[in-house]
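Biologist: I would like to go through this model with you, one question at a time. Please give the cut-offs as you use them.

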Amino acid sequence: MNQTQARNTVELVAPGVLIGISAGAVAGGVAMLAGLPAGYVVATTVGLGVPLAAFGAGYSLLLASGRIRLGGVAPAALYWLFAFPAARIIHEVLVDVLTGRAVALPDGPVKFIAYQAIVSVGYAVGFIWLHENVFGKWWIRVRGHNPVAARYVAQYTGQASRVQPHK
């Protein structure tokens, strides 16, 4: 991979990574507001943010390769149906290890995973919303030198022209 390809790849995965890191920071902030110990807050921020960032990068790479449709809620929901519970398992195990507790998933593995799968749909919708609405401007900014970003902008522009009534 040459330097240009590396830069383009970093630009493409940045939105997914930043969304994941932000989700971890929000979870850590909620833990802090709840008055939980500092170690738990840090473990939650890192333990959830890093896996969600990694899975967000994976989503972005699938999107860039054309394996996931741009703006598609159903493909995102399917992706996060597996990725979100995996991130939460990593988070729970890491928090238990870092805080010195016995490693165990709350309410047992089946109920825990089932609940996280349900919650994953909400995360997928929020992820897509942020990806489309916050990072749409990012694609415009980098489209001049990033062909995949240019493709995204062309797809968004084409969709907007189809739904916008012509005068």
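Biologist: Is aspartate 96 buried or exposed?

Modeller: This is a predicted model, in which local features need pLDDT of at least 70, side-chain atom pairs count only at pLDDT 80 or more, and totals for chains, interfaces and linings use all residues. Residues are numbered from 1 along each chain as its sequence is written, and side-chain values use heavy atoms, with hydrogens and water left out. Buried means under 20% relative accessible area, exposed over 50%, and partly exposed in between (1.4 Å probe, protein chains only). Aspartate 96 has 3% relative accessibility, so it counts as buried.

Biologist: With which residue does aspartate 96 form a salt bridge?

Modeller: A salt bridge is a side-chain nitrogen of Lys or Arg within 4 Å of a carboxyl oxygen of Asp or Glu. The closest N and O atoms of the pair are 2.7 Å apart. The partner is partly exposed, with a relative accessible area of 42%. It is arginine 101.

Biologist: What separates arginine 88 and glutamate 92 along helix H3?

Modeller: Helices are DSSP runs (H or I, at least four residues), numbered from the N terminus. The side chains of arginine 88 and glutamate 92 meet in a salt bridge at 3.1 Å, N to O. Arginine 88 counts as buried at 13% relative accessibility, and glutamate 92 does at 9%. Because they are 4 residues apart in H3, the separation is about one helical turn.

Biologist: Which element gives the largest share of the largest nonpolar core?

Modeller: A nonpolar core is a set of buried Ala, Val, Leu, Ile, Met, Phe, Trp, Tyr and Cys residues joined through side-chain atoms within 4.5 Å. The largest one has 27 residues, and Tyr59 and Trp80 are among those with the most contacts inside it. Elements that give two or more residues to this core include helix H2 (38-64) and helix H3 (73-99). The largest share, 7 residues, comes from H3.

Biologist: How far apart are the end C-alpha atoms of H2?

Modeller: The expected span of a helix is 1.5 Å times one less than its number of residues. For the 27 residues of H2 that gives 39 Å, which agrees with the end C-alpha distance of 38 Å.

Biologist: Which element has the highest mean pLDDT?

Modeller: pLDDT is the predictor's confidence in each residue, from 0 to 100. The protein has a mean of 91, and 97% of its residues reach 70 or more. The lowest mean among the elements is 81, in H6, and the highest is 95, in H2.
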